[in-house]
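User: I am new to this one. Please walk me through it in short steps.

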Number of protein chains: 2
Amino acid sequence: MGIPDRPKRTSARRPVSIQDIAEAAGVSHSTVSRALHNSDLIRPEVRLRVQQLAQKMGYIPNAVAQSLKGQRTHTVGLVISSIADPFAGRVVRGIEEIAQANRISLLLSVSYNDPERELEIIETFQRRRVDGVISATAQMRGAYVQRLTQIKMPTVMINQQADSEADRLLSVDADDYAGARLAVEHLLSLGHRRIGYLGVGNRWQSNRRRFAGYCDTLSGAGVAVNAQWVRVAPILNNPRSDDVVDGQALLPALLGSDVTAVFCYNDLIAVGALMACRELGIVVPEQMSVVGYDDVDIARYVTPSLTTVHQPKLRLGELAMQMLLDLLEGQAVHNTSLANELVVRASTGPPPL
Amino acid sequence: MGIPDRPKRTSARRPVSIQDIAEAAGVSHSTVSRALHNSDLIRPEVRLRVQQLAQKMGYIPNAVAQSLKGQRTHTVGLVISSIADPFAGRVVRGIEEIAQANRISLLLSVSYNDPERELEIIETFQRRRVDGVISATAQMRGAYVQRLTQIKMPTVMINQQADSEADRLLSVDADDYAGARLAVEHLLSLGHRRIGYLGVGNRWQSNRRRFAGYCDTLSGAGVAVNAQWVRVAPILNNPRSDDVVDGQALLPALLGSDVTAVFCYNDLIAVGALMACRELGIVVPEQMSVVGYDDVDIARYVTPSLTTVHQPKLRLGELAMQMLLDLLEGQAVHNTSLANELVVRASTGPPPL
DNA sequence: CACCGCTTTGCACACGTGTGCACCATCGTG
DNA sequence: CACGATGGTGCACACGTGTGCAAAGCGGTG
C-alpha cells in the first residue's frame with residue numbers, strides 16, 4: 001500500500017530548508033534548528049555533523065520565515081524627499097553604514113515631497129512590518145506626522161526640530177536657526193548691512209527657521225529687514241523642482257533693491273545665484289557676497305568656492321540610525337541637536353564702497 | 001470547567017490579523033482572506049461586511065506572511081558602489097520610480113567596491129529571498145559575478161558590458177567605448193593632436209573601455225599615443241576615494257608632456273583637473289581643453305562649464321528595473337545598449353597656437 | 001421523496017523557522 | 001534491582017496568510 005509520497009520538494013528547485021537537512025541527517029527539523037544556533041542542548045557530534053551538512057548543502061536561512069516567527073524583520077524603512085539632493089546622499093550614507101554594521105537592511109523610498117506618496121510609503125512600511133522608520137524628508141505635513149505617531153511605529157526624524165508640542169517624535173537635527181545666524185553674522189562682520197535672502201517655498205518649515213534666524217540677526221544688529229530683500233521660489237505643481245534653476249531665476253529680482261550680499265536657503269540656490277551673477281556681469285564677491293547652506297560637495301567646486309554653513313550630514317545619519325537601534329532595544333533615548341559650522345570660502349568679502 | 005482560554009492576543013498589542021477579523025465577524029479566517037481578495041466565492045453581503053470590518057479595525061495585511069506563503073517577496077535588492085556618486089544617484093532614481101509604480105520595494109546596499117562586502121550583500125539578499133537583484137556597481141570582480149550566476153538569482157547589471165563570454169548575465173548599458181570616441185573625436189575636430197587621459201584605477205573595467213576608445217580614436221587619426229599623456233589614479237587601501245581630489249592631483253603630472261587637451265574618466269576627475277588648472281594659472285579652454293564623462297549635474301555648474309559625454313542615467317535605471325520585472329514574469333528579455341551623446345560646453349576650444 | 005447541482009463556507013494543510021514541553025535512554029546510587 | 005536525575009531528541013504548536021477539497025445548505029426536478 002502506497003505511502004502518499006510527499007511532494008518531494010526537489011521539483012521546483014526551492015532553496016534548501018532545515019527540513020531538507022533534517023531528512024538528510026536523519027534527525028528532526030528541531031534538532032537542525034538548534035544545532036545551527038549552537039545550542040548546547042544538542043550533542044556536540046550531532047551539532048557538528050548537522051552544521052557541516054548544512055554547509056555542504058548550501059543552506060541559507062530564510063529570513064522571511066524567521067521574521068514571521070520572530071516578529072522582527074531587522075529592516076528599517078527610509079524615507080527621503082529626493083535622491084538627487086546631495087544633502088540626502090550624505091545622510092543616507094551615514095545611516096547605511098550603521099545599519100550594515102548592525103545587520104539591518106534598509107528599505108528605500110523616495111517621496112518627492114508628494115503627500116499622497118508619503119502616505120503610501122508609510123502603509124508599505126506597515127505592510128512589510130519594518131522594525132522602525134527613519135524619515136529624512138524636507139517636508140513634514142500634518143497627515144504624515146499624525147499617521148506616523150498614531151500607529152506607534154518607532155520613528156526617528158532628521159532635521160525636523162519641532163516648534164512646540166510635537167516633541168513626541170524623536171529627532172536628530174542640526175539647528176537651522178543657529179546656522180542661519182552664523183551665516184548672517186559673518187556677513188555683518190564683513191561690513192554688510194543690506195543683506196538679501198533667497199528661500200524656497202516647498203520646504204517651508206526649514207525655510208521658515210532659517211529665515212527667522214536671518215531676520216532676528218539683522219534686527220539684533222539694528223537693521224530693519226526690507227521686504228524687497230527677500231525672495232522665495234514659488235511652489236510648482238511639479239514636485240520635482242530644481243533649486244539651482246530657482247536660485248538663478250530669483251537673484252535678478254533682488255537687483256532693484258540695493259543689497260550687497262545674499263544668504264541662500266541652501267547651496268544649490270546659492271549656485272544658481274552665482275550663475276545669475278556671472279550672466280549679469282556682477283563680480284562675486286567684489287560686488288556681491290553669496291552664502292549658502294549645507295556644505296554639499298559642489299560648494300567646494302564652483303567658482304568662486306562657496307562660503308556656507310556646514311551641516312554634519314554623515315553624523316546626522318549615523319546618530320539617527322543609532323538612536324533607532326537603541327530605541328528598538330528598549331533603551332531610553334533623547335533628542336539630539338548637533339552644531340553647524342560656518343565655512344568661509346571665496347564667495348564672501350567686504351561690501352563695495 | 002475552564003476552557004483553556006487562548007492567549008487572547010490583545011496582550012502584546014500586535015497588529016490585527018485576519019484571524020482577529022474572523023472572530024469579530026463570526027466566520028473562519030479563510031472566508032476573511034477570500035473576502036478581502038474580492039473572491040466571488042464569498043456571498044456579496046458577507047464580503048462587504050468583512051471588508052468594512054477590516055477597514056474599521058485598521059487591518060493591514062502582513063507582507064511577511066504573504067511572502068512566505070506566496071514565495072514572492074516583491075522586493076528587489078539594489079547594489080551600488082557609492083551613495084555619494086552623483087551618477088549612481090540618477091540611476092537609482094530611475095530604478096526607484098519604476099519599482100514604486102509596480103509596487104516593488106527596494107533593499108538598498110552600498111558596496112564601496114569592497115569585495116568582502118559585495119559577497120555579504122549577496123548573501124543578505126539570498127537570506128531575505130529577494131525576487132531579483134540590480135547591480136550598479138562600478139566594479140565587478142570575478143567572485144561576485146560567479147556567485148551571482150551560480151545561485152541563479154535573476155539579476156540585471158547596469159553598465160557592465162561584458163567583453164566576451166559573460167553574456168550569460170543580463171545588462172543595460174551605455175557604450176563606454178563609443179562614448180570615449182565621441183569625446184576624443186570632438187577634441188580632434190577642434191584641432192588638438194596631443195591629448196591626455198586621466199583615468200581611475202579602482203574601476204578598471206569601465207576605465208579600460210574608455211581608455212580603449214581614447215587610444216583607438218587617436219590611432220585612427222594617425223596620432224601615436226604617448227605614455228606620458230596617460231595618468232591613472234592609484235588604488236588606495238581606503239576604498240572611499242574622492243575622484244575630484246584624484247583628478248586634482250593627477251593633472252600636474254601631465255604638464256611635463258605637451259598636451260593641449262585632456263579627456264577624463266568622469267566629470268569628477270575633470271572637475272579636479274579644472275581646479276588644478278586654476279591653481280597653476282592655466283586658463284581653460286584657451287590653454288587647455290578638458291572633457292569629462294557622465295554629465296552629472298555638477299558639470300553644468302563649474303566654471304567653465306564642462307564639455308562632457310552625457311549618459312542617459314535615468315533611462316538606464318528605468319530600463320534595468322523594467323527588464324527585471326519582465327524577467328520575473330517569464331518574458332524573454334534581451335540586453336539593451338543605449339547611446340551616449342556629446343554635450344559641448346565651455347571647457348573645450350581650439351588648441352593654443 | 002430522492003437525487004442532483006449549485007452556492008457558500010470551513011477544515012486542513014502548506015510556507016520555513018523557533019521553542020516549550022514531554023518523552024526516552026542512560027547513568028549513578030541506595 | 002529499583003528509582004531518580006540528567007542529558008538529548010522529537011512532537012506539536014505558533015507566527016499570518018492562501019487555497020484545494022470536502023461538506024453543508026438549498027433549490028429544482030423527475
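User: How does the surface near DNA strand D divide by class?
Analyst: A residue is near a strand if one of its heavy atoms lies within 4 Å of it. Ala, Val, Leu, Ile, Met, Phe, Trp, Tyr, Cys and Pro count as nonpolar, Asp, Glu, Lys and Arg as charged, and the others, Gly among them, as polar. For DNA strand D that gives 9 nonpolar, 12 polar and 8 charged residues.

User: What should I know about the model and its numbering?
Analyst: This is a predicted model, in which local features need pLDDT of at least 70 and side-chain atom pairs count only at pLDDT 80 or more, while totals for chains, interfaces and linings use all residues. Residues are numbered from 1 along each chain as its sequence is written, chains are lettered from A and ligands numbered from 1 in the order in which they are written, and side-chain values use heavy atoms, with hydrogens and water left out.

User: Which residues are closest to DNA strand D?
Analyst: The strand is surrounded by 29 residues. Of its atoms within 4 Å of the protein, 58% belong to sugar or phosphate and the rest to bases. The closest residues are A:T31, A:R34, A:R43, B:I18 and B:Y59.

User: How far is the side chain of A:R43 from a phosphate oxygen of DNA strand D?
Analyst: A polar contact is a pair of N or O atoms within 3.5 Å; within protein, one must be able to donate a hydrogen and the other to accept it, and residues adjacent in sequence count only if both atoms are side-chain atoms. A:R34 places a polar side-chain atom 2.6 Å from a base oxygen of DNA strand D. For A:R43, an N or O atom of the side chain and a phosphate oxygen are separated by 2.6 Å.

User: Which residues are closest to DNA strand C?
Analyst: Here 28 residues surround the strand. Sugar and phosphate make up 58% of its atoms that come within 4 Å of the protein. The closest residues are A:I18, A:Y59, B:T31, B:R34 and B:R43.

User: What relation links chain A and chain B?
Analyst: Copies are superposed by least squares on the C-alpha atoms of residues with pLDDT of at least 70 in both. Chain A falls on chain B after a rotation of 180 degrees with 0.0 Å of shift along its axis (RMSD 0.1 Å). That is why the relation is that of a two-fold axis.
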